[in-house]
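Please work through the exercises below with the sequence and the structure at hand. Each task is followed by a solution in steps.

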Amino acid sequence: MGTWGSGNFESDTALDHLSMVVDRLVTEVAEAMAGDPVELEPDEYWGVAVPCNLELLHTLVRAGHGAHDLPDAGVITQWKTAFMAVWERSIDGMEPAPGFKEARRSVLNRTFDQLAEATAREAETDPADPSGPGESGR
């Protein structure tokens with residue numbers, strides 16, 4: 001325990017910090033998704049911050065960090081369904097430039113899908129971990 005390497009995430013303290021960062025990002029998304037759907041509209045704070053948090057989480061997972069602290073892929077898919085429903089019903093009211101709506105829709109779908117896929121992959125590759133994704137299984 002303690003420190004086992006020279007890398008930035010090769011100590012108990014570093015992993016505790018990483019866990020807190022991941023938890024904060026996930027909690028913010030979960031709370032936004034459980035809150036008032038108006039706050040998820042494209043011109044609202046959480047309508048912008050939720051995809052940012054998901055992208056940050058995916059970046060961490062791609063780097064090999066934090067996957068065990070994520071919700072399972074089904075939860076992320078539910079978030080996507082709810083978020084995209086709000087986005088679809090409100091984007092036209094923002095009068096987007098030609099082509100923006102289609103491009104942004106693609107980015108949003110990819111953002112949710114890539115995190116869900118990474119979480120599902122992690123669950124498949126670590127069946128011996130009884131806590132699985134969404135638990136503290138480091």
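**Exercise 1: A salt bridge between two helices**

D113 counts as partly exposed, because its relative accessibility is 28%; buried means under 20% relative accessible area, exposed over 50%, and partly exposed in between (1.4 Å probe, protein chains only). The model is predicted: local features need pLDDT of at least 70, side-chain atom pairs count only at pLDDT 80 or more, and totals for chains, interfaces and linings use all residues. Residues are numbered from 1 along each chain as its sequence is written, and side-chain values use heavy atoms, with hydrogens and water left out.

Task: State with which residue K80 forms a salt bridge, and which parts of the chain the pair ties together.

Solution.
- Step 1. A salt bridge requires a side-chain nitrogen of Lys or Arg within 4 Å of a carboxyl oxygen of Asp or Glu.
- Step 2. K80 meets this rule with D113, the closest N and O atoms being 2.8 Å apart.
- Step 3. K80 lies in helix 3 and D113 in helix 4, so the pair ties together parts 33 residues apart in sequence. Helices (H or I, at least four residues) and strands (E, at least two) are DSSP runs, numbered from the N terminus.

**Exercise 2: Further salt bridges**

Task: Determine how many salt bridges a search of the whole structure finds, and describe the pairs of R105 and E28.

Solution.
- Step 1. The search finds four salt bridges.
- Step 2. One of them joins R105 and E88, at 2.6 Å from N to O. R105 lies in helix 4 and E88 in helix 3, so this pair ties together parts 17 residues apart in sequence.
- Step 3. R105 is partly exposed, because its relative accessibility is 23%; E88 is partly exposed at 33%.
- Step 4. E28 pairs with R24, the closest N and O atoms being 3.0 Å apart. Both lie in helix 1, four residues apart, about one turn of the helix. R24 counts as exposed, at 55% relative accessibility.

**Exercise 3: Aromatic pairs**

Task: Classify the aromatic pair of Y45 and W46 and the pair of F83 and F112.

Solution.
- Step 1. Rings of Phe, Tyr and Trp (its six-membered ring) pair if their centres lie within 6.5 Å; planes under 30 degrees apart count as stacked, over 60 as edge-to-face and the rest as tilted.
- Step 2. This rule gives a count of two aromatic pairs. The centres of the Y45 and W46 rings are 4.8 Å apart and the planes stand at 90°, so the pair is edge-to-face.
- Step 3. F83 and F112 form a tilted pair, with 5.4 Å from centre to centre and 45° between the planes. This pair links distant parts of the chain, F83 in helix 3 and F112 in helix 4, 29 residues apart.
- Step 4. Y45 is exposed at 59% relative accessibility, whereas F83 is buried at 0% and F112 is buried at 1%.

**Exercise 4: The nonpolar core**

Task: Identify which residues touch the most other members of the largest nonpolar core.

Solution.
- Step 1. A nonpolar core is a set of buried Ala, Val, Leu, Ile, Met, Phe, Trp, Tyr and Cys residues joined through side-chain atoms within 4.5 Å.
- Step 2. Of the 29 residues in the largest core, V50, L54, L57, W79 and F83 touch the most other members.
- Step 3. Helix 1 (12-34), helix 2 (45-62), helix 3 and helix 4 each give two or more residues to this core. The largest share, eight residues, comes from helix 1.
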